[in-house]
Amino acid sequence: MNSINIKRRGLMLILSAPSGTGKTTLANYVIENDSHISLSISCTTRKKRPNEIDGVHYYFINYDEFKKRIENEEFLEYAEIFGEFYGTPKKQVLKKLDKGEDVLFDIDWQGHRQLSAIARADVTSVFLLPPSKKELLERLELRNQDKPKTIEQRMLRSDEEISHWHEYDYIIINRDLDHSIEKLMSILRSERLRKERRIGLNDFVGTLIHEKFVKSKVI
């Protein structure tokens, strides 16, 4: 038997970081280069940006619809960030995990706490740190996505986000993108091999133990 045939439960790979740390770049690399993981698409009440596609980057819904889904317990986790709500649809994620597929989450520490509270065994979490506040500010300014006031808010909020670093399984200081990618992919490969997730191991080992073999002839 080959280990790739052993049934495995999928994992939830959580990436969290202050805005501008490089989280989206790392997440995109993982999704584009690993066919066994997909990005969790969140619902949000915020307005769609010009380069975003509904159903691809987010599910854009209004406030009333979001509140209704909270009441119906349709989210694995949800949080309010800068006055807008973000939430992870439950049904799609659990279906993928049962099929042995992994799901990547680009969420903050609040979402990480909620997911860990209800599904700790399925969670692998990574927190990204910037090499310095100076470089974090430069990255926010260079990406040219936000107004100066919003950039200031993100910088002020970064201290609160960073203060939760110790709640995560792994920490990557994103000094060099290639090195950070290498570390993240190593974490993903290792976590897939955890015996707790390889739910087909019991059957494999049972078969292995009871497998008959023929003694070789001694010449």
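The exercises below concern two loop residues and one helix pair in a predicted model.

**Exercise 1.** Determine where Glu73 lies, what is notable about its phi, and whether the residue is buried or exposed.

*Solution.* Begin with the position: Glu73 belongs to the loop that runs between α2 (63–71) and β5 (75–81). Next, take the backbone torsion, where phi of Glu73 is near 55°, which is a positive value in a residue other than glycine. Finally, consider the accessibility: the relative accessible area of Glu73 is 59%, and since exposed is defined as over 50%, Glu73 is exposed.

**Exercise 2.** Carry out the corresponding analysis for Phe82, giving its loop, its phi and its class of exposure.

*Solution.* Phe82 is found in the loop between β5 and β6 (84–89). Its phi is near 50°, again a positive value in a residue other than glycine. The relative accessible area of Phe82 is 38%, and because partly exposed covers the values between 20% and 50%, Phe82 is partly exposed.

**Exercise 3.** Describe how helices α5 and α6 cross, and which residues make their contact.

*Solution.* First, establish the geometry: the axes of α5 (residues 133–142) and α6 (residues 148–162) come within 10 Å and cross at roughly 145°, and the crossing is right-handed. Second, list the residues in contact, which are Lys133, Leu136, Leu137, Leu140 and Glu141 on α5, together with Ile151, Arg154, Met155, Ser158 and Asp159 on α6. Third, sort these residues by class, which gives five nonpolar, one polar and four charged residues for the contact of α5 with α6.

Key. Residues are numbered from 1 along each chain as its sequence is written. This is a predicted model: local features need pLDDT of at least 70, side-chain atom pairs count only at pLDDT 80 or more; totals for chains, interfaces and linings use all residues. Side-chain values use heavy atoms; hydrogens and water are left out. Helices (H or I, at least four residues) and strands (E, at least two) are DSSP runs, numbered from the N terminus. Buried means under 20% relative accessible area, exposed over 50%, partly exposed in between (1.4 Å probe, protein chains only). Axes are lines fitted to C-alpha atoms, for helices over the stretch in contact, and angles run from 0 to 180 degrees between N-to-C directions. A crossing is left-handed if the near helix is turned anticlockwise from the far one by less than a right angle, and right-handed if clockwise. Contact means heavy atoms within 4.5 Å. Ala, Val, Leu, Ile, Met, Phe, Trp, Tyr, Cys and Pro count as nonpolar, Asp, Glu, Lys and Arg as charged, and the others, Gly among them, as polar.
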